[in-house]
Amino acid sequence: MNNTAKYINELLYRYECVILPGFGAFLTRRQSATIQEATNSFFPPKKLISFNSQLKNNDGLLANYIAAAEHISYTDAVAKIQRYVLSLNEKMAQGKRLELTNIGAFFTSIENTLQFEPLQEVNYLTEAFGLSTFVSPAINREIQREVYKQEVEAIEEVVPLTFTPEKRNERPYLKYAAVAAIVFGISGFFGLKKISDNTITFNHQEWQQANQEIENKIQEATFEISNPLPAITLNLIKEEAEGNISSSAEMANISPQKYHIVAGAFRIASNADKKVRKLKTEGFDARLVGANKYGLHQVIYESYDNRLDALQALRKIKKEHSSRAWLLVQDF
């Protein structure tokens, strides 16, 4: 029995995008609570589900979830998803309407395009758990205001309301107190302004000093993925900029291998070259693979064309050399 639809349903409670590889992606968007004035109905906040048939690449989320839930390997989970997608495509080719439990239905329109109809009864917003739609009777405020008006008029007829102006006693000393308060207020304002200006200047100087210390200390940045998801191949267009900073000769050697074990990423090119030379003396085929999107120069231990070999080498390096090493999947 293929429970792929059930796993998609469970993931929609936690994530805003769940991709069914080879078929499309289910997207969620939060909607605030609404009121339908025609029926006096109140609806709780919810997640609206939509479908995008353009997002088909495997991001590993669904396959990893199935592998963990059924205690199978990642490869078997991917194969199970492929069989499920194949059965969906066969049913759609026969013009059948697909019903995905607690998610929605798929059908083909007159223009031969895939249409998705989400199920409205299921609310994937966990914050709104237990909230349901309810109807409240309408409140006629005009009638209530008319009743209050009649009651007030009836009271005024029985007990007329009169207003007697109050005679105030003149207190000349209050004028002098008010003038003194204004003088003290103006003095205090300028005093506070001077203190505020001094505080701003001091904070600005401290910020500049702290920023300078951070600039002096940050020379190397490394990134660690303790439990990386299955490899995702990224096809990036690399632009060659004139006057590249790196002085290492290994940058000219382009390898067809796409699995790289990263030793670190450096802001300064000379530090990256120093790291390459150090790793080479330790027996690694280290080299630079260019700058990442943060402008940091990446240094790798080794490159592999087989994912399993790369993972085995990564475990060995993390155990014997550096626990901060991680796997980069990218064609250079």
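Contact here means heavy atoms within 4.5 Å. The model is predicted. Among contacts in the chain between residues at least 6 apart in sequence, 63% join residues at least 24 apart. The chain holds 332 residues, and buried residues make up 28% of them. Its secondary structure comprises seven helices and 14 strands. The accessible surface comes to about 23800 Å². Carbon and sulfur atoms account for 55% of that surface.

The largest nonpolar core contains 30 residues. Leu20, Phe26 and Phe106 touch the most other members of this core. Several elements each supply at least two of its residues. Three are helices: α1 (4-12), α2 (61-70) and α3 (74-93). The strands are β1 (17-20), β5 (46-52) and β6 (98-100). Another core lies apart from this one. That second core has 20 residues, including Ala286, Leu288, Tyr301 and Ile317.

Leu20 deserves a closer description. Neighbours within four places in sequence are set aside in the following list. Leu20 is then in contact with Thr4, Ile8, Leu62, Ile81, Tyr84, Val85 and Leu88. By residue range, Thr4 and Ile8 fall in α1, Leu62 in α2, and Ile81, Tyr84, Val85 and Leu88 in α3. Leu20 also takes part in strand pairing: Gly24 in β2 is its bridge partner.

The pairing of β1 with β2 (residues 24-31) is antiparallel and runs over four bridges. Within this pair, Cys17 stands opposite Leu27 of β2. The two strands form a hairpin, with three residues between them. Gly22 sits in the turn and has a positive phi of about 85°.

Strand β2 pairs with β5 as well. This second pairing is also antiparallel, and it extends over seven bridges. One of its bridges joins Arg29 to Leu48 in β5. Strand β2 is thus paired with β1 and with β5. Both of these partners, β1 and β5, supply at least two residues each to the largest nonpolar core.

Technical notes: Residues numbered from 1 in each chain as written. Predicted model: local features only at pLDDT ≥ 70, side-chain atom pairs only at ≥ 80, totals over all residues. Heavy atoms only, no water. Core = buried A, V, L, I, M, F, W, Y, C linked by side-chain atoms within 4.5 Å. Buried < 20%, exposed > 50% of the residue type's maximum accessible area, 1.4 Å probe, protein only. Pairing = 2+ DSSP bridges. Areas by Shrake-Rupley, 256 points an atom, 1.4 Å probe, with all protein chains shown as cover.
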